[in-house]
Amino acid sequence: MTNDNNTRKKVNAVFFAAVMVVSMVAVGFAAAPAAAVDDPLVVNNFSPTDVSEDTTEQHILNVTAENVASGGTHEYTVSLPEGVTFNTSGNNGVDNVEYLNESGDTVNVEERISNANSGQDLIIGTDTSGSDVTDLTINATVSVDYPNVNQETSAPITATFDDATDSSAGSVETADIVISNDDGSQDSRPNPSNPPTKNVDSGATVYQGEDVTFVNALAGEEQLIGASGNAEGQVLEPNVRSDQTPGRYTINGDSSSGADGVTVTTANINDAEIRLSNGEDISGSTVSTADADDLDVWAQYNFENAEPLAVTVEDPSGTDITDEVTSGGDTITSSGDSVNLDMSNEDSGEYTVLLEGDDDLDSATEELTFELTSDTDVSINLAEDSVTRGSNVDFTVSGGTSGDFHAVSIDREDFRSSFNASNDPRVFRNTGDTDRVGFTDGSSFDADASTFSTGDGEDDITQAVAVIEMDGSQGVGSLRTSNLDDTSIDVEVYESNVADNAVDGAESTDDDSLEVTEGDITIGNPAGEYTIGSEVDINGTASSADAVDVYVRDNNDWELLVSNIEVDSDDEYEDEDVTLSNTGNPGDSLLRQAGTYRYGVVDASESDSQNTLTTTEFSRASSTSQSLRTVEGDLSAQIETINGQVNYDVDDAGDLTGNAEGQSSVALVLVDRRGNVAVEEIDVDSDGTIDEEDYNIPSRADSNSRLAEGTVTAHFISQGRDNAVGNGELPAGNDADISGLVNWVENNVSSSNLNANQVSDRLVSETSEDTASDDLMVTQTFRYAESQTTINSVYPEEAQADGINPVATGETMVVAGSTNLRPDDNSITVEVLNENGESIQISSTDEWENNGQWTATVDTSDLEPGTYTVESDDSTNTDRAEIEIVEEREEPSDGEDGEDGTDGEDGTDGEDGTDGEDGTDGEDGTDGEDGTDGEDGSDGGDDGGDSEDGTPGFGALVALVALIAAALLATRRNN
């Protein structure tokens with residue numbers, strides 16, 4: 001777009017109003033040409049037509065009304081555009097005036113001159129009574145005040161004549177008055193009071209793809225330069241490219257904060273909605289024709305100072321129907337405003353509303369749709385055609401208007417025979433778009449069915465009702481079939497004007513059918529066997545019920561065991577950690593005795609959780625049953641020991657493990673060698689296991705001191721099937737349960753000054769060996785001792801042997817010993833020390849079995865032959881042994897002592913075989929060919945001990961050398 005300040009542009013009244021300054025809204029006149037039938041009106045002259053802004057100008061006004069009546073007062077009205085006024089300092093803006101007839105002669109008339117509309121209108125009244133006049137001309141000089149304008153502006157002046165006699169009127173527009181903009185300023189952005197304009201001044205925002213004109217501070221600039229960011233150095237011209245980099249552009253790229261320039265951004269429609277009269281957005285939703293007479297297309301956008309936002313409406317075929325459905329214009333001129341639509345006369349279908357910039361910025365678009373329906377289009381559709389009773393079924397109501405409410409109903413005759421209003425049953429579920437659910441008797445509505453109960457299981461209900469709120473084009477609800485008959489069920493929907501208490505007798509707009517069939521009940525657990533007193537999970541499936549009851553039977557009626565276990569949405573029921581032999585219902589007494597029974601599950605809506613059902617009642621209901629055998633539980637338990645011991649100074653603990661199925665806890669009584677007692681109640685897990693890690697040995701019951709060192713006896717005691725300790729009575733008034741037993745031992749037995757045997761006897765007499773007792777007891781003994789770690793053996797890894805044995809350098813040395821420390825929690829370090837006590841090699845282990853036997857390996861590759869000390873250290877205890885590292889360890893010779901291997905007399909002499917002195921018996925060892933018989937030689941080794949020679953690592957030759965060396969040494973001493 002270019003700017004030509006010398007071009008005079010004629011604008012209509014609305015445009016003139018938009019460009020007037022000093023906060024005026026100037027409304028020009030777009031009146032039709034002269035409309036008088038008998039009194040044509042002619043403006044002969046109005047001059048001058050070119051004026052300057054902010055001036056008072058005198059104009060010649062000459063206007064003729066033809067065929068004027070001869071009597072009465074006629075009115076000439078001259079109307080200026082808004083913002084332009086007559087100068088009323090004189091005669092209401094008239095400097096002089098004369099009246100002429102059709103011959104040009106002056107006519108004497110009675111005149112009345114006034115102003116109206118804040119000086120915008122001049123009214124000249126003329127009474128022509130007594131005058132001979134046909135055509136009346138007014139020739140006057142008038143003074144007009146012109147305002148300041150920001151750009152050259154033009155608009156016409158309108159003249160009107162009203163004939164007093166015949167009420168005829170004429171109206172005509174003059175030529176346009178042009179007001180010049182003498183100071184050069186123009187209406188422009190970013191002034192927020194201005195209407196949309198393409199004139200851009202410094203500080204304005206321009207948009208990608210827009211044609212603008214630089215004015216005022218930017219006037220004359222052909223381009224701006226990017227001053228910062230990604231736009232830096234780029235050129236911006238008035239014809240803004242669609243891919244122009246957003247950012248700040250200034251004159252010469254000046255990046256200072258006060259530099260004149262503009263900001264480039266992208267034109268966006270930030271938000272748009274199609275709104276009902278209540279403000280609800282129905283975009284993407286549905287509206288009925290009854291509610292579609294007052295819709296608003298509303299939008300927020302970021303370019304309102306640049307151009308309006310155009311609104312286009314298309315019908316389902318894509319035809320533009322904007323003019324048909326809009327009456328107040330089809331553009332949004334300010335962000336946050338709207339265009340009104342009347343769609344009440346349109347056909348059903350999906351309509352599209354397009355929003356886009358009205359000029360250059362048509363790349364900023366938004367598309368909205370909505371569905372137009374009539375009330376007769378409201379329908380209902382069930383998610384399933386056939387279900388098993390007990391299932392939940394969703395349904396969808398379609399059509400209507402978003403935000404409207406529609407009643408959905410099921411007739412009372414479709415309820416199952418066991419329906420009882422007094423039990424507060426449900427037919428519809430309050431889910432999804434459901435506003436409320438309940439029942440009606442045809443005149444009132446209530447969420448509580450018992451409101452309509454008449455007693456004895458009877459009621460006045462006519463329908464179950466759900467009220468669905470439309471969310472857009474649909475509303476979703478759900479029904480439960482557990483209270484419906486096993487037959488075909490009709491679900492009906494009504495128009496929005498049918499109330500929840502008026503569905504009885506009202507005509508529905510649509511219905512859908514659902515086939516309901518009777519469902520199955522299955523038993524998952526317990527499965528065949530139950531240990532008396534134990535906790536089990538009850539579970540299974542029930543596709544036809546909201547809840548189930550559990551019954552048991554011996555030979556007679558069914559007795560209630562567990563009531564009202566809820567069935568979830570997956571048709572599964574479960575009740576966890578149930579002690580069947582102690583539920584508090586009549587059936588639990590049956591299961592306290594070992595035997596075989598019938599275990600049954602029934603739909604709770606039919607059994608009604610009655611204490612007793614006959615076999616006929618149970619069979620007729622939705623039910624199932626199976627055999628259940630009850631057994632008494634066993635007891636096994638122990639404290640973890642290491643090497644048969646528990647140390648008291650380091651660990652003082654051990655894992656507790658075992659089984660006590662049918663029990664929730666057991667008593668643990670510890671008795672030391674002096675008769676001191678410690679006692680605790682030990683929890684049993686729900687699966688019947690005892691599993692306590694790192695169980696700390698408790699202190700004595702009569703003090704905080706530990707038990708005495710030495711033998712400790714642990715008694716684990718559990719109740720039996722009768723769920724009572726002993727014969728049901730404990731001394732000192734203690735309850736005959738595990739807690740009472742612990743209390744009795746703690747407060748009475750511990751203070752009785754009894755020895756260990758007496759304490760144990762007293763425990764037994766009140767529990768497992770009491771009269772008629774079925775208690776269970778498990779006894780364990782262990783040594784309660786100080787922590788200890790010892791070295792027992794040292795040997796080469798290749799030749800395991802007891803005792804301390806020499807190891808050849810380079811061999812892996814095994815150090816073995818015993819401990820009463822717990823593995824993992826403790827570790828044993830083994831060090832090899834030289835003669836100066838310096839650590840040469842180190843190794844450690846934290847793994848050993850409960851027998852306490854530990855081993856650690858040491859690499860001797862770096863050890864020279866000689867004598868060393870091996871030390872074990874568990875951080876509390878140490879032990880040492882001297883070892884020999886030799887140059888070469890001599891292997892046992894299988895063939896040398898052949899005679900001993902085959903000589904029964906010598907070979908069976910085990911004592912000789914292990915005695916080093918006999919090992920020097922060279923006579924036997926070197927005698928005979930038989931000695932080379934390796935098989936025989938090995939037999940003799942078995943009889944003789946660990947090896948054929950009796951001394952691991954030393955043969956007869958080594959012993960002989962040692963004997964000779966000793967003899968030589970003795971000779972030297974004698975010398």
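Where is Val-516 found? Select strand 41 (residues 510-517) and Val-516 is there, strands and helices being DSSP runs numbered from the N terminus (E, at least two residues, for a strand; H or I, at least four, for a helix). What is on the screen is a predicted model, in which local features need pLDDT of at least 70 and side-chain atom pairs count only at pLDDT 80 or more, whereas totals for chains, interfaces and linings use all residues. Residues are numbered from 1 along each chain as its sequence is written, and side-chain values use heavy atoms, with hydrogens and water left out.

**Stop 1: Val-516**

Val-516 is buried, at a relative accessible area of 1%; buried stands for under 20% relative accessible area, exposed for over 50% and partly exposed for what lies in between, with a 1.4 Å probe and protein chains only. Now add Val-387 to the selection: 129 residues separate it from Val-516 in sequence, yet the C-alpha atoms are 5.3 Å apart in space. Contact here means heavy atoms within 4.5 Å, and, not counting residues up to four places away in sequence, Val-516 touches Val-387, Arg-389, Thr-481, Asp-485, Asp-486, Thr-487 and Ile-489.

**Stop 2: the whole chain**

Zoom out to the chain, whose secondary structure comes to twelve helices and 66 strands. Of its 975 residues, 45% are buried, and among contacts between residues at least 6 apart in sequence, 68% join residues at least 24 apart. The chain exposes about 44800 Å², of which carbon and sulfur atoms supply 37%, by the Shrake-Rupley method with a 1.4 Å probe.

**Stop 3: the five-stranded sheet**

Select strands 52, 58, 57, 54 and 55, which in that order form an open sheet with mixed pairing; two strands pair if DSSP finds at least two bridges between them. Strand 52 (645-647) and strand 55 (677-683) stand at the edges, each with a single partner strand, so one side of each has no neighbour in the sheet. Neighbouring strands are turned by 30 degrees against each other on average, direction ignored.

Within this sheet, colour strand 57 (residues 710-718), where eight of the nine residues are buried. Six bridges join strand 57 to strand 54 (residues 665-672), and the two run antiparallel; to follow them, show Leu-668 opposite Phe-716, then Asp-672 with its bridge partner Val-712. Strand 57 also runs antiparallel to strand 58 (residues 776-785), joined to it by nine bridges, and here Thr-711 stands opposite Arg-783. When side chains are switched on, bear in mind that in a regular strand they alternate between the two faces of the sheet.

Next, display Leu-668 and Phe-716 again, the opposite pair of strands 54 and 57, and bring in the helices. Helix 5 packs on the sheet and touches strand 54, strand 55 and strand 57, its direction making about 165 degrees with that of strand 55. Helix 6 (residues 756-766) also packs on the sheet, touching strand 54, strand 55, strand 57 and strand 58, with a direction at about 160 degrees to that of strand 54. These angles run from 0 to 180 degrees between N-to-C directions, with axes fitted as lines to C-alpha atoms, for helices over the stretch in contact.

**Stop 4: Asn-734**

Select Asn-734 in the loop between strand 57 and helix 5 (738-747). Is Asn-734 buried or exposed? Asn-734 is buried, with a relative accessible area of 12%. A polar contact of 2.5 Å joins its side chain to that of Asn-743, the term covering a pair of N or O atoms within 3.5 Å, where within protein one must be able to donate a hydrogen and the other to accept it, and residues adjacent in sequence count only if both atoms are side-chain atoms. Leaving aside neighbours within four places in sequence, Asn-734 is in contact with Gly-740, Asn-743, Trp-744 and Asn-748.

**Stop 5: Gly-654**

Move to strand 53 (residues 653-659) and pick Gly-654, which is buried with a relative accessible area of 0%. Gly-654 and Glu-640 are 14 residues apart in sequence and 4.8 Å apart in space, C-alpha to C-alpha. With neighbours within four places in sequence left aside, the contacts of Gly-654 are Glu-640, Glu-692, Asp-694, Tyr-695 and Arg-822.
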